[in-house]
Amino acid sequence: MTEFKPTILAFCCNWCSYAGADLAGVSRLQMPTNVHVVRVMCSASVKPEYVMKAISQGIDGVLVLGCHIGDCHYMTGNHRTAKRIPVVQKILKDVGIDEKRVRLDWVSAAEGEKFQKVITEFVDEVAKLGPNPLREVAF
Amino acid sequence: MPKKVVVIGGGIAGIQACLDIADMGYEVHLVERTPSIGGRMAQLDKTFPTNDCSMCILSPKMIMCAGHENIKLHTYSEVEGVSGEFPRLKVRIREKARHIALNRCTGCGDCITKCPVKVPNEFEEGLSIRKAIYLPFPQAVPRKVTIDAEHCRMITEKKCGVCKKVCQAGAIDYEQKDSLIDIDAAAIVVATGFDLFDASALRQYGLGSCKDVVTSLQLERILSAAGPTSGHLLRPSDKKEPRKLAFIQCVGSRDAKMLPYCSSVCCMYATKESILVREHVPDIESTIFYMDMRATGKGFQEFVNRAEKQYSVRYLRSRPASLQAAHGESGVLVTYELVGGTTEQRTEEFDMVVLCPGLVPSSGSEALCALLRIELDKDRFVKMPNWKHPIDSSRKGILVCGFAGEPMDIPDSVAQASGVAARISELLQAVA
Amino acid sequence: MPRIGVFICHCGHNIASTVSVEEVAKFAATLPGVVIADHNLYSCSEEGLNSIRKSIEQNKLDRVVVAACTPRTHEPLFRSVCEQAGVNKYLFEFVNIREHCSWIHAKEPSSATEKAKRLVAMGVSKAALLEPQTEGESNVIPAALVIGGGLAGLRATASLAAQGIETHLIEKEPRLGGLLNDITTLAPYSESADTLLQELVDEVRGSKRAHIHLNSKLRGLTGFVGNFKATLDEAGKKKEIEIGAIIVATGANELQPEGEYGYGSVPGVVTQLEFERTLKRGEKPGDTVFIQCVGSRQPGREYCSRICCNTSLKNALKVLEAGGTATIIHRDIMSYGTVWEEMYRKASEKGVRFIRYTLNDIPHVRSHASGTAVDVFDETLGERIHLDANRVVLATPLISQKDSAEVGKLLKVPRDKHGFFLEAHVKLRPVEFATDGVFICGTARWPSSVRETLSQALGAAAKAAIPIKRGKVVIESITAWADPDKCAACGNCVASCPYEAIEILEQDGKRVAKVNETQCKGCGTCVAACPNDAMQQRGFTTRQLSAMIDSLVKHALEESP
């Protein structure tokens, strides 16, 4: 049996987590190839619909990464993210999808190592959950 | 009419000074002696401590410089005379004949392919050849060829003319003469950078006599994807991958008889190179022979620790006494003494040795400073005598940034280069 | 149908050694809307840019995708090439296959190539939906704020004022000068620190453009480059100032080595700064032993603090002048450059004793009948040495200010793991933050000598002066707008906007949300708050992001399930 490699989408805010991902690259920190970063200006611009859309179409996991609370480039944007994403997780749980498929975390521009850690952990976690059950429904 | 500033030297310090001065609204004339701006940084493969690709971060700045509405590039040019005093200085620039009509050349390179004359390539530190008509490096700015009149057969012997035949743009002009330009400048910036100390002058280090002894700048070129070996780490003698490499610090520097000072950057670039070689040859073993490991900048000590722990770099505190060719032509025998109260000498064989020579003010900078009537310090760097104004030379309105004033790394050079812009703005505001 | 060109960069071998650039280009050519897919050794070189420019013209491209490094450094360059070739710069999309792919998957070339393909496909799907934009401009308030009244802040303030810019200098203490107040002379030439400080303070005090606020702290900050509003607490009173640019010069502190090497328990053991103060008071130092790297270059605090060796060299020479003996116990002498190395040599020649220790066998300091004793294993000689001293000076590193976290939070600028401020790029943007209009200099960024601090202060002053001298800043067109047909005027966006940039207005007889574009900073919070998909952010529309998700689904799941 070949090992299951989940497909993961990550939204990274321009100011902290995208910069943290860049730093991980510059530092040559190695990590799994399953994660696809989409740059947004602020984690607060990630519509819950994007996360739902990705999961409902069979993406195995979605990461939303922003600046640490208090560090948001847009003052309070990430406070909203911090409220929205748990709601998304709850809705998923209610419909029978493991809420661990969606993770919210904070990675600063200086935290290349944390980016690597979050990515590696999340990939492991989602791999353990196995393929998104909606994959079959989607196709 | 905007005030004008002349910046001498088109390396990273000169480029940054130009950009900031120009962004302040002054007209800047950048005088660079070689055919392209970029300087030493263009020759580097990567930069410490992030191993960021050097050309990748430099190239956008070079292009911004060339495209800036307030910057005029004078490449392949030298300052020939300076008269007057701040803020009314007159600078005479000699634009040397490239034998190319710049407005016609497209940089297509057809002429280069056809040129029959081969000359050692300066940009590649002599590790490959270039033609008599050439582009110094692929990312050159401006992207225009230059005819090296000293080696061109048409110019020296009136025989050949191939480049003119193949040039569809009609850009070749064998009769072209130097031209002189006078600039009324309010201020001048000296950013003339550094050269490598000629390590072949110290015979014990074997440069020139042992084939597998190279300089650190040669290694940068060897490691570069665009370099003479297309990025393959091969030693010169037999073009084989080395497995055991030594770096020797303070070659000619921190030596009362040669260069008494420390060049500030060698500990870190040797550390960088020792990491990079392992990315090219995963099981390579590197030893760095050093006196004091000077890792004083942001993230530097962590970088050294990483080299030691993750890349198994061996740091050995010792100044080798001699280097000799090993059996036959390949490999190098390094003889050194261990610390710790013994006087035991050891000889160890390495596949290849990299010398980290002291860095000296670039050739010609002494003559330039005489022209500018500014003082030098005893190490021949530009003297900056005023404590409160550490980037002012001994003459008002002539500023210094980067290695020309003192050995320093890229960020320090860039910070100083920006500082020069502020200082010029202060000085010109006072006389406005 | 859009006409998209895709340009994949080798970045020398930074990308090409892991990702098969040719294969990615071949794949990109098959994507909908792509009319040309090419690759280049260095896309950002003049040659690379020329070939993109030519390709845009020859292939009549109206969208450009470059797959290379990071938009955070290279987007402006490629956007300007698009503009030169007549393509609106907002019709450019950047795909990061270096930092986010080749560099982090160095050992998995085939997976990395597959991932690069998917990333390119996502970028192309977004590019197809990009729309041209025009940029706004905003005026710049011709004034600056400098935070911190030490050497760096004073020099930056003096420079800005001399350049004709109104400058506010805030200092939390009741006096200017910071750490310089405690220092006797400046290495290596023995200038008096007081003289330098006094000259700078006089210059700032004498300038009609410099405004000094003592006992003051920054309490709040809003706005953006060119238009910041800062709230100060000046000796208990609230004050608001408007500025166009900000320089952070908050300095650093000396580490207190509690409990180490007898500090606090053995008499005569002091830190370097405490030692400076005794010298300044005119006390005779007597026989002095300096211990370097106390609390630095070791697990827990790995960094070298750059200035401590040179300070010890300077003070050791002072000890000799005062008739004492001086010994420096060190691990490496960090006298980089010309002047420090000369001072090192001078110290050796004049009789300063140098003993090298290692972390495996650190010196021991204890009380002694006649003073203080230090026992140390000399690595060079390979023997144990006993020293008697009147004073033991512990050279501890500079550490970040206690309130640097607070300053960082207010300004929204990052700090590194040691608490020093993190510049925009460690190599080429040493005095800038990634946030436009905010700059950094001096020991708040990293320990630096007096000369280096002065140079950096000038550098930051230049950067801060540029937008002010130009008088205008361009506003990136990533602002939000509301589709009046979909808007139900629910007001969620109004409530979510951190900048109060949205109002509900009457338009054509209907109440709709309206974004004030000069106030909008382009965060997109309102987009996520809108239940009707009426709110959109330029460059990040819901259609564009949904297309990226669809593309990932298609290329990751459908084609290789």
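In which hand, left or right, does α6(C) pass α12(C)? I opened the notebook with this question and looked up the pair in the model, which is predicted.

**Entry 1, the helix pair.** I found that α6(C) passes α12(C) in a right-handed crossing. Helix α6 covers residues 151–162 of chain C, and helix α12 covers residues 450–470 of chain C. I noted that their axes come within 8 Å and cross at roughly 40 degrees. Angles under 35 degrees would count as roughly parallel and 65 to 115 as roughly perpendicular, so α6(C) and α12(C) are oblique to each other.

**Entry 2, the residues between them.** On the α6(C) side I listed L151(C), A152(C), R155(C), A156(C), S159(C) and L160(C). They meet residues of α12(C), among them V450(C), T453(C), L454(C), Q456(C), A457(C) and A461(C). I sorted the residues of this contact into 12 nonpolar, three polar and one charged.

**Entry 3, the contact with chain B.** I looked up how many residues each chain brings: 62 from chain C and 68 from chain B. On the chain C side, α2 (46–58), α3 (71–84), α6, α7 (193–206), α10 (339–350) and α12 each supply at least two residues. Helix α12(C) gives the most to this side, with 13 residues. I recorded the make-up of the side of chain C that touches chain B as 26 nonpolar, 18 polar and 18 charged.

**Entry 4, the domains.** I noted four domains in chain C: domain 1 (4–134), domain 2 (143–253 + 401–473), domain 3 (256–396) and domain 4 (480–537). The C-alpha centres of domain 3 and domain 4 of chain C lie 64 Å apart.

Conventions:
Residues numbered from 1 in each chain as written. Chains lettered and ligands numbered in written order. Predicted model: local features only at pLDDT ≥ 70, side-chain atom pairs only at ≥ 80, totals over all residues. Domains from an automatic or database assignment. Axes fitted to C-alpha atoms, helices over the stretch in contact; angles between N-to-C directions. Helix = DSSP H or I, 4+ residues; strand = E, 2+ residues; numbered from the N terminus. Parallel < 35°, antiparallel > 145°, perpendicular 65-115°, else oblique. Left-handed = near helix turned anticlockwise from the far one by under 90°. Contact = placed C-beta atoms within 7 Å. Nonpolar A, V, L, I, M, F, W, Y, C, P; charged D, E, K, R; others polar.
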